[in-house]
Amino acid sequence: MRQALRQARRAFVLGEAPVGAVIVRDGKIIARGRNEREAKQDPCAHAEIVVIRRAARKLGSWRLTDCALYVTLEPCAMCAGAIVLARLPRVVYAAADPKSGACGSVLNIPAEKKLNHHPAVSGGLLAAEAGQLLQDFFRAAREKKVYPRPAASLNSGVNSEQASTAQSV
Ligand SMILES: [Zn+2]
């Protein structure tokens, strides 16, 4: 998760909402990604989508069945869907996203019984750091009046009170 946070910080510096992700296999990071929505002007360029594509390309397989994904913000509906489609068995996220999180906050796609794959999901790992980064970003953006609306919704959606207990990756 420390490495995912590094990606999030890089996104921050580049003017992107600071969300970062890594995919781990056999204890090694095989792909890193960050939110690239502004740079690519692509609404789908979330950190999870970026890192899933990179890992699949690297492995030469769309099935990421022996990998784990670490991401600094609870995946949205699109990303949770991609996680299921990639057959990722395990997802760890940092900050919860009560506004659009789809791993338990708003929806719970990984736990949907009607789907054919159910990744194990845990949240809260380094949540305070990840949440603070998002809050800092959106506060700065509001001051510059760059993203007034996403700032209001996402900022209030981050729960920085969550415990940050476990170890880093
Ligand atoms: Zn997403």
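Begin by selecting helix H1, residues 2-13, together with helix H5, residues 127-144, which in this predicted model pack at an angle of about 5° with their axes 11 Å apart. Because angles under 35 degrees count as roughly parallel, H1 is described as roughly parallel to H5. Now show the side chains where these helices meet: H1 contributes Leu5, Ala8, Arg9 and Phe12 to the contact, while H5 contributes Glu129, Ala130, Leu133 and Phe137. If you colour these residues by class, you will find 6 nonpolar and 2 charged residues, with no polar ones, in the contact of H1 with H5.

Next, keep Ala130 selected and add Ile23, Val51, Leu69, Tyr70, Val71 and Ala94, for these are the residues that touch the most other members of the largest nonpolar core, which has 50 residues. Two or more residues of this core come from each of H1, strand E1 (20-25), helix H3 (47-59), strand E3 (67-73), helix H4 (77-85), strand E4 (90-95) and H5.

From there, move to strand E4, where 5 of the 6 residues are buried, so that the strand is mostly covered. Select E3 beside E4, and you will see two strands that run parallel and are joined by 5 bridges. Within this pair, look for tyrosine 70, which stands opposite valine 92 in E4.

Finish at alanine 94: which residues is alanine 94 in contact with, leaving aside its neighbours within four places in sequence? They are Met1, Thr72, Leu73, Leu125, Leu126, Ala127 and Ala130, and the last of these, Ala130, is the residue of H5 that you selected in the contact with H1.

Technical notes:
Residues are numbered from 1 along each chain as its sequence is written. This is a predicted model: local features need pLDDT of at least 70, side-chain atom pairs count only at pLDDT 80 or more; totals for chains, interfaces and linings use all residues. Axes are lines fitted to C-alpha atoms, for helices over the stretch in contact, and angles run from 0 to 180 degrees between N-to-C directions. Helices (H or I, at least four residues) and strands (E, at least two) are DSSP runs, numbered from the N terminus. Angles under 35 degrees count as roughly parallel, over 145 as roughly antiparallel, 65 to 115 as roughly perpendicular and the rest as oblique. Two residues are in contact if their C-beta atoms, placed from the backbone, lie within 7 Å. Ala, Val, Leu, Ile, Met, Phe, Trp, Tyr, Cys and Pro count as nonpolar, Asp, Glu, Lys and Arg as charged, and the others, Gly among them, as polar. A nonpolar core is a set of buried Ala, Val, Leu, Ile, Met, Phe, Trp, Tyr and Cys residues joined through C-beta atoms within 7 Å. A residue is buried if 20 or more other C-beta atoms lie within 10 Å of its own, exposed if 12 or fewer, and partly exposed in between; C-beta atoms are placed from the backbone. Two strands pair if DSSP finds at least two bridges between them.
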